[in-house]
Amino acid sequence: MKYTAAHWGAYEVHDNALKPVADDPAPSRIGKGWLSASRNLDSRILKPAIRKGWLEGDGGAKRCDDDAFVEVSWDEAAARVAEELTRISKTHGNSAIYGGSYGWASAGRFHHAQSQLKRFLNLAGGFVRARETYSHAAGEVLIPHILGMLQGQFQDQMTSWAHINEHCTMLVAFGGISGRPAQVASSGTARHQTEQWLSQMKGRMVNVSPQKSDMPNAEWFSIRPGTDAALMLALCHTLLVEGLHDEAFLQKYTSGWPKLRAYLLGETGEEAKSADWAAPICDVAPEAIRQLARDMAASRTMINVAWGVQRTDHGEQPIWAGLALACMLGQIGQKGTGYGFGYGCVASIGRSTKNMAWPSIPQGTNPIDEFIPVARITDMLLHPGESYQYDGIVRTYPDIRMVLWSGGNPFHHHQDLLRLEKGWQKPETVVVFEQGWTATARRADIVLPATTPLERTDIMLSKTEPSLISMSPVHEPVGEARDDHEILRLIAGKMGLEEAFTQGRSQEEWLRWLWEGSRTLAQEQGMELPEFDQFKQQGHVRLEGDEETRIALADYIADPEKHPLGSESGKITLFNETIASFGLDDCPGHPAWLMPVESTLNAPQGGLHMISAQSDTRLHSQNDQGSESLQSKIEGREVCRLHPDTAAERGIKAGSIVRLHNARGATFAGVHFDPDLRRDCIALQTGAWFDAAEVEGARMDIHGNPNALTIDKGTSRLAQGNIGHTAIVFVEPWEKPLPLLSVSRQPEFQSR
Ligand SMILES: Nc1nc2c(c(=O)[nH]1)N[C@H]1C(S)=C(S)[C@@H](COP(=O)(O)OP(=O)(O)OC[C@H]3O[C@@H](n4cnc5c(=O)[nH]c(N)nc54)[C@H](O)[C@@H]3O)O[C@H]1N2
Ligand SMILES: Nc1nc2c(c(=O)[nH]1)N[C@H]1C(S)=C(S)[C@@H](COP(=O)(O)OP(=O)(O)OC[C@H]3O[C@@H](n4cnc5c(=O)[nH]c(N)nc54)[C@H](O)[C@@H]3O)O[C@H]1N2
Ligand SMILES: [Mo]
């Protein structure tokens, strides 16, 4: 049997069809559109291409204008990239080259697009990189301060679902937990278990979210988006004034409690953070808040904060306030209770398996020590030389002359895409390695067509995943598409770097090298893996003996003297002196309620809060041009969801088309009704390929991409994470003809 794998599942390859592996309890919806997306000749890039305006020396002016492309040979494309790299590096130095290249790329250990690109760029003199992720940047910067460890280290030790199922009697999930985001795991997964774990819950489940569907079969606290920190603080306040908090835990395991206590009680000059105070902010009844606090204190409670909750303005606060709440309950370090950050956000979190640090392609070292927080890309492009604050430091944006992107789609993932278009015109040269004619590829000067995993041989190795998959090609590469490694090898060759890049290994030899490293790693942990040839023949190998359950912070709780945390006090910091010393009004020294930049609390009449959550049918923008995503659209547009009353007030019918708009931009979407969505919200999932056009004199997206409307601002000057979930939009019926989509066809090609 032959196999292949993706972030969303592992598959048996049958005569041109993919079948999820037999022991996957809940195969993903995303996989249904994979093969058709990979074979979609209207959207795949078939040949290397160079933008006409760039060839004519337009300096980037027409980069975002649907410019025509000239198809070229691989040799010419590679030579042009090599020339540009050399020229820019010589004239401006490598800190003028942005290779941050954020994105999910594809599963497969060898053909990992970013690793390949970064390995090459490091050999070519280095590049400006990106720090943190779009997923949970607020957590990545905050958690080292408050818990004294990396966010990833905390994630790796999060309490196993097995313990939660057994011991937790109340699971309170801010942002919910569901099978929708748990369809994927970075590097791949063969089993989707989150829905099973949820169904095995013996205790109560409480979903605190603007959408009921964020946690099926749970009690629903319909919270106003962006106000979780206020609710959490009010829960803390209730515990405190009713004497339900665990003072001994707070004394022993936390620092700064007296300062947080004073803030909660209103002794610092602000109003006390009581349930009555929070109720109008969160739109949750005060008695319901008090009862929730009492129930949490009387139960064996696990608190989860979904990553989405912190992709909001001041997203640091719900992470910190949620942790403070868990400290007040005093159940951290026990089986099945305490605090989690991201249960259900990906398939792998809370699995009862070892975290295996599988080998990967060595990236080398970057001689350039420049970076930006990942979501500050437009600011960097628009404002070279300007300063900004990040994690207590004043930094300066570099002056970027060349951008290389592989395995990510900034014209899907970044906020306020019309603003990104302005910044994107600035560099002299943009090179994009892509499978499809995404908005990013259409806005490149040199476009290099990459293969999909269905066209190549690879290995799936994923951290907590006992299934190891030898990936076989399913179909021939379309057009002239090549593997990223081959493309880079060609470019490296033009720069005299081929030998250094390949280390003299063929692809097959790299795969063997990766597998040998994996066997050694398994052996060190007392497990056996077969020889490479046998692995290839079997296609699917299961690690035996990798079972392991965990309790978050167990060592620290067992002996805080012997296992202090790496934080400033060695304890969980409820007031953090370091953060306080930064003097930031958008991220003070303790968890706080701060008014978001946009909210239904202060929106103009008719404004709705837009929730741009992860898509059910795609991984971000991947497979948008596959069958499963395409058939979910209305008149080719992404579907948004509205409460029927909200729609009726605006004369909007189910199945119709609407125009969503605000000062930043506009987009079209089809309409579904959802009685289980808050009336003051509109839900538009991410990932419809951005497709900008002039409509009635204004540039707008015409396909349903929420990032035409979102705000390009950092969570705070601490973390500078994105705030994709914070945006007010207006919606109205659209009855005029719809402009033709361009993302569903090839761009215009011209001869030189
Ligand atoms: N409004 C809003 N915006 C958001 C979010 C949100 O919740 N709301 N979520 C954010 C989050 S959490 C994230 S992680 C980002 C995700 O943003 P991205 O990770 O950038 O999104 P993807 O669509 O996965 O982009 C991957 C791109 O790489 C290409 N690709 C795949 N495999 C390969 C390969 O092997 N080689 C090459 N060369 N290319 C390949 C795909 O075709 C695709 O275009 O979006 C963020 N944006
Ligand atoms: N199918 C699928 N799964 C995915 C992905 C995908 O593209 N497709 N992407 C993956 C990636 S990269 C990531 S980072 C994870 C992200 O995983 P999550 O962050 O969990 O995903 P989201 O869907 O963005 O957000 C979860 C929910 O938070 C709710 N929410 C939004 N704002 C607020 C708020 O202010 N308060 C509260 N209480 N709730 C709020 C929304 O209703 C939303 O449904 O998902 C991963 N899983
Ligand atoms: Mo993410």
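**Exercise 1. Polar contacts of ligand 2**

In this predicted model, find which backbone atom lies 2.7 Å from an oxygen atom of ligand 2, and then describe the surroundings of that ligand.

*Solution.* Begin with the oxygen atom of ligand 2, which has a polar backbone atom of H620 at a distance of 2.7 Å. Next take a nitrogen atom of the ligand, for which a polar backbone atom of R618 is found 2.8 Å away. A side chain also takes part, since a polar side-chain atom of D214 is placed 2.5 Å from an oxygen atom of ligand 2. Turning from single contacts to the whole ligand, the accessible area that ligand 2 has on its own is 900 Å², and the protein covers 99% of it.

The shell can then be counted: 31 residues surround ligand 2, and the closest are D214, G226, D228, G308 and R311. Sorted by class, these residues comprise 15 nonpolar, 11 polar and five charged. Helix 14, residues 307-310, supplies the largest share of this shell, with three residues.

**Exercise 2. The place of ligand 2 among the domains**

Work out between which domains ligand 2 lies.

*Solution.* Look for the domains that give residues to the shell: both domain 3 (137-351 + 553-581) and domain 5 (608-733) do so, and therefore ligand 2 lies between them.

**Exercise 3. The surroundings of ligand 1**

Describe the polar contacts of ligand 1, the residues around it and the domains between which it lies.

*Solution.* Start with the oxygen atoms of the ligand: a polar side-chain atom of S621 is 2.5 Å from an oxygen atom of ligand 1, and a polar side-chain atom of H412 is 3.4 Å from an oxygen atom of ligand 1. For a nitrogen atom of ligand 1, the partner is an N or O atom in the side chain of D484, at 2.7 Å. As for cover, ligand 1 has 920 Å² of accessible area on its own, of which the protein covers 98%. The elements that contribute two or more residues to the shell are helix 17 (410-413) and strand 18 (429-434).

The shell holds 34 residues, of which W104, S106, H413, E434 and S621 come nearest to ligand 1. Its division by class is eight nonpolar, 22 polar and four charged. Finally, domain 2 (44-132 + 359-454 + 478-504) and domain 5 (608-733) both give residues to this shell, so ligand 1 lies between them.

**Exercise 4. Cysteines and disulfides**

State how many disulfides the structure holds, and explain why C282 and C681 are not bonded to their closest cysteines.

*Solution.* The count of disulfides is zero. The step of reasoning needs a cut-off, namely that the two sulfur atoms of a disulfide lie within 2.5 Å. For C282, the closest cysteine sulfur belongs to C236 and is 12 Å away, which is too far for a bond. For C681, the closest cysteine sulfur is that of C640, and because it is 12 Å away, it too is too far for a bond. As to exposure, C282 counts as buried at 0% relative accessibility, and C681 likewise counts as buried at 0%.

**Exercise 5. A residue and its distant partner in sequence**

Decide whether V70 is buried or exposed, and compare its separation from Q750 in sequence and in space.

*Solution.* First locate V70, which belongs to strand 5, residues 69-71. Its relative accessible area is 3%, so V70 is buried, the limit being under 20%. Then compare the two separations: V70 and Q750 are 680 residues apart in sequence, whereas their C-alpha atoms are 5.3 Å apart in space.

Technical notes. Residues are numbered from 1 along each chain as its sequence is written. Chains are lettered from A and ligands numbered from 1 in the order in which they are written. This is a predicted model: local features need pLDDT of at least 70, side-chain atom pairs count only at pLDDT 80 or more; totals for chains, interfaces and linings use all residues. Side-chain values use heavy atoms; hydrogens and water are left out. Buried means under 20% relative accessible area, exposed over 50%, partly exposed in between (1.4 Å probe, protein chains only). A residue is near a molecule or strand if one of its heavy atoms lies within 4 Å of it. A polar contact is a pair of N or O atoms within 3.5 Å; within protein, one must be able to donate a hydrogen and the other to accept it, and residues adjacent in sequence count only if both atoms are side-chain atoms. Accessible areas come from the Shrake-Rupley method with a 1.4 Å probe; for residues, only the protein chains shown count as cover. Helices (H or I, at least four residues) and strands (E, at least two) are DSSP runs, numbered from the N terminus. Ala, Val, Leu, Ile, Met, Phe, Trp, Tyr, Cys and Pro count as nonpolar, Asp, Glu, Lys and Arg as charged, and the others, Gly among them, as polar. Domain bounds come from an automatic or database domain assignment.
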